[in-house]
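Here's a quick look at a few local features, from helix packing to cysteines. Have the sequence and coordinates open as you read.

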Amino acid sequence: MKAAVSTDKGLDVRDIPQPKPKPNEVLVKVRAASLNRADLNAARGAGAHGAMGNVVGLDWSGEVAEVGSEVKGGFKPGDHVMCAGSGGYAEYAVADWGRVTPKPANLSFENAATLPVAVATMHDALITNAKMKPGDSVLIQGASSGVGLMALEIAKLMGARLVIGTSTNADRRAKLKDFGADLAIDTSNPSWPDEVLKATDGKGVNVIIDQVSGSVANGNMKCAAILGRIVNVGRLGGGKAEFDFDLHAGRRIQYFGVTHRTRTVDELREETRVMWADLKSAIDSGKLHLPIDKTYPLDEAVAAQAQMKANKHFGKIVLIP
């Protein structure tokens with residue numbers, strides 16, 4: 001089969017053997033695969049799914065081709081599904097059954113491929129870790145990314161009273177309200193924490209989902225409410241920074257770190273299960289959706305990653321095998 005694999009020079013599209021499903025896995029004929037920021041490091045053999053020579057790609061959609069003997073969930077050949085795992089930049093990919101969900105009939109394969117990582121990651125951050133409740137105020141750092149837009153939508157769907165999104169790009173900021181943001185702010189403005197405090201009558205936000213970290217870490221704590229919860233999802237603004245321990249202690253902030261890299265198979269299955277229990281109807285009805293910036297054929301996976309690296313896209317970039 002054709003696949004895009006990691007090399008020391010980046011992605012290389014080549015012919016490799018088709019994977020065989022283990023007893024716990026579902027083999028899927030890939031119809032569309034979506035790009036994620038983690039794929040850029042994986043293309044050079046770095047990151048959790050980027051061992052040299054591995055097929056890159058964290059989520060995809062397609063048709064079930066074969067089902068392992070221990071697979072649960074009633075999946076059978078011909079079913080249309082959405083998957084999370086590794087190896088999506090290919091004509092065929094395997095996923096653990098616990099990270100496979102049915103594709104809604106009203107969703108195209110392209111649109112379905114944009115969802116698995118985004119909905120699981122942000123439901124896990126907002127609901128499982130931050131324990132967001134109806135009536136909470138929420139700040140999403142890096143809200144114009146695919147997963148950031150999904151965080152805005154989930155927060156609004158689950159009853160957040162005030163949803164604030166950030167982006168340093170004016171054009172993208174203007175679009176955030178279409179995805180649930182009540183207020184969009186520019187974190188390149190040093191006074192941005194004051195804007196958040198003003199919007200919350202000085203109380204601060206209850207929940208912060210942070211995909212930026214480094215450059216905004218202390219600002220987050222400044223505009224967090226007493227007993228606020230901050231979830232560190234990504235580090236686009238730097239993996240290291242000064243940390244104001246007085247702010248952290250004074251506001252009695254709960255600070256969570258999340259990643260998929262250190263989770264067991266059972267933990268990943270549970271993440272998918274609770275997400276699907278909460279969000280299935282919203283996904284089926286199209287309430288949760290992501291825009292597609294551009295699609296590329298699998299042969300042009302290198303160009304697709306270049307588009308992501310240039311950081312000029314809004315929404316998701318999708319590969320079509």
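The notes below cover the model itself, one helix pair, one short helix and the cysteines.

## Ground rules

This is a predicted model, so local features need pLDDT of at least 70 and side-chain atom pairs count only at pLDDT 80 or more, while totals for chains, interfaces and linings use all residues. Residues are numbered from 1 along each chain as its sequence is written, and side-chain values use heavy atoms, with hydrogens and water left out.

## H3 against H9

Helices here are DSSP runs (H or I, at least four residues) and strands are E runs of at least two, numbered from the N terminus. The axes of H3 (residues 116-129) and H9 (residues 265-285) come within 9 Å and cross at roughly 100°. That makes H3 roughly perpendicular to H9 (65 to 115 degrees).

On the H3 side, the contact (heavy atoms within 4.5 Å) uses Val119, Ala120, His123, Asp124, Ile127 and Thr128. H9 brings Glu271, Val274, Met275, Asp278, Leu279 and Ile283.

## One side of H6

In helix H6 (residues 192-199), the buried residues (under 20% relative accessible area, 1.4 Å probe, protein chains only) are Trp192, Pro193, Val196 and Leu197. They cover an arc of only 145° around the axis, so they sit on the same side of H6. The arc is taken from the directions from the helix axis to the C-beta atoms.

What do they pack against? The partners are strands S8 (137-141), S9 (162-166), S10 (183-185) and S11 (205-210), plus helix H7 (217-222). Just after H6, Asp201 takes a positive phi of about 55°.

## Cysteines

Searching the whole structure turns up zero disulfides (cysteine sulfur pairs within 2.5 Å). Cys83 is buried at 0% relative accessible area, and Cys223 is buried at 0% too.

Terms used. Axes are lines fitted to C-alpha atoms, for helices over the stretch in contact, and angles run from 0 to 180 degrees between N-to-C directions. Angles under 35 degrees count as roughly parallel, over 145 as roughly antiparallel, 65 to 115 as roughly perpendicular and the rest as oblique. Buried means under 20% relative accessible area, exposed over 50%, partly exposed in between (1.4 Å probe, protein chains only).
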